[in-house]
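Open your viewer and keep the selection panel handy. We'll hop from stop to stop, and each one tells you what to pick and what you'll find there.

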Amino acid sequence: MRPAGAHSDWMDGVTVGAGVPATLNYVAPWSQRNRLYVGPYGHMTTTLYAPQTVLIADGRPYRDDFGLDRSGFTLLDHDSAVTDFGDAAQLDGVYTGEVIDLVKSATGADEVVAIGWVIRRAAEDRRGAQPPAPDVHVDVHPGRADDRFKAAAPGGRPFRRAIMTSLWRTFSPPPQDWPLAILDYRSVADTEGQPNLLLFVDTLPDPDNVPDVPDPDASPAGSIFAYRPEHRWWYFPDMHANEAVLIKLHDSDHSVAWRAPHTAFHDASASGAHPRESVELRTIAFFY
């Protein structure tokens with residue numbers, strides 16, 4: 001039985017092939033004070049988790065079954081002119097423009113605005129990068145998306161549709177020790193997810209003495225998800241720098257797939273795995 005509000009019979013009768021078991025951090029049902037503090041060199045969460053082991057299926061044989069408006073994500077081939085994805089100057093001066101063009105082509109949008117990139121490294125020496133995101137999440141909560149769209153709209157221009165996406169690319173050699181898992185929108189109900197406040201700070205707070213947030217409803221927030229056995233997880237093993245996954249974070253059109261929860265996971269089956277290095281660049285695509 002799929003969760004109430006799940007969106008397709010596509011999964012009925014589908015036999016999933018090869019995959020890997022992995023333990024994912026789902027939010028615990030009893031977690032009340034959900035916050036993610038992001039500092040210059042790492043993060044700290046007050047959220048309580050209830051880890052669950054799930055099967056993450058190899059999505060490569062099913063690549064043609066995925067799509068932004070069907071599953072909420074798609075795998076793209078893309079050759080970048082960037083020679084060092086760890087170089088902020090190249091990400092700002094070369095990569096941002098490439099991603100804007102790629103997202104515009106993939107979505108058919110009239111205009112695309114970049115809203116920032118993040119480098120993540122799994123190695124202990126992260127060299128100023130963030131660690132892999134460790135929980136089942138979407139980067140923006142539905143209750144915060146409309147305000148984010150309006151604030152980013154060029155010149156405050158009215159739009160009929162907006163799509164926030166993240167383009168995720170690894171630039172470490174395959175296989176990676178902490179690859180990306182993506183939850184198929186078709187196995188998730190629209191009612192799932194709860195806010196996780198996103199707080200950017202200069203110094204991470206003491207976990208035993210976390211201050212109150214004066215106006216939590218005014219803070220940016222993502223969504224975090226509780227475990228459901230109906231969830232269907234995918235990943236693309238052995239990714240390389242000439243391909244990337246485009247993930248919907250929010251689509252103002254809810255008649256199609258409008259988000260795809262995701263998380264990093266430790267792939268214990270990957271022999272000789274390399275520490276993951278990745279870059280994600282978020283954009284908003286506008287339709288007038």
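**Stop 1: Lys104**

Select Lys104: it is partly exposed, with a relative accessible area of 38% (buried is under 20%, exposed over 50%, partly exposed in between, with a 1.4 Å probe and protein chains only). Lys104 belongs to helix α1, residues 88–107 (helices are DSSP runs of H or I with at least four residues, strands are runs of E with at least two, both numbered from the N terminus). Leaving aside residues up to four places away in sequence, Lys104 touches Ala109, Asp110 and Val112, where a contact means heavy atoms within 4.5 Å. Now add Phe286: the C-alpha atoms of Lys104 and Phe286 are 9.1 Å apart, with their positions 182 residues apart in sequence.

**Before you go further**

This is a predicted model, in which local features need pLDDT of at least 70 and side-chain atom pairs count only at pLDDT 80 or more, while totals for chains, interfaces and linings use all residues. Residues are numbered from 1 along each chain as its sequence is written, and side-chain values use heavy atoms, with hydrogens and water left out.

Colour by pLDDT, the predictor's confidence in each residue from 0 to 100. The chain averages 92, and 94% of the residues score at least 70. Residues 1–5 fall below 50, and this stretch has 17 contacts in the model beyond near neighbours in sequence. Residues 7–14 also stay under 50, with 20 contacts beyond four places in sequence.

**Stop 2: strand β8**

Show β8 next. Ten of its ten residues are buried, so β8 is largely enclosed by the rest of the structure. Arg161, Ile163, Thr165, Leu167 and Arg169 point one way, and Ala162, Met164, Ser166, Trp168 and Thr170 the other.

Which strands pair with β8 in the antiparallel sense? One is β15, over ten bridges; another is β13, over six (two strands pair if DSSP finds at least two bridges between them). To check the register, pick Met164 with its bridge partner Ile284 in β15, then Ser166, which stands opposite Ile247 in β13.

While Arg161 is on screen, add Phe287: Arg161 lies over the face of that ring, 5.1 Å from the ring centre. For another such case, the charged end of Arg157 sits over the ring of Tyr288, 3.6 Å from its centre. The criterion is NZ of Lys or CZ of Arg within 6 Å of the ring centre and within 35 degrees of the ring normal.

**Stop 3: the cores**

Select Leu24, Ile56, Trp233, Phe265 and Ile284, the residues with the most contacts inside the largest nonpolar core, which has 25 residues. Such a core is a set of buried Ala, Val, Leu, Ile, Met, Phe, Trp, Tyr and Cys residues joined through side-chain atoms within 4.5 Å. Apart from it lies another core, of 22 residues, including Leu91, Val112, Leu167 and Ala285.

**Stop 4: aromatic rings**

The structure holds twelve aromatic pairs (ring centres of Phe, Tyr or Trp, taking its six-membered ring, within 6.5 Å; planes under 30 degrees apart are stacked, over 60 edge-to-face, the rest tilted). Zoom in on Phe66 and Phe236, an edge-to-face pair at 5.9 Å centre to centre and 85 degrees between the planes. Phe66 lies in the loop between β4 and β5 and Phe236 in the loop between β12 and β13, so the pair ties together parts 170 residues apart in sequence. Both are buried. To finish, select Tyr62, Phe66, Phe73, Trp234 and Phe236, which ring pairs link into a cluster.
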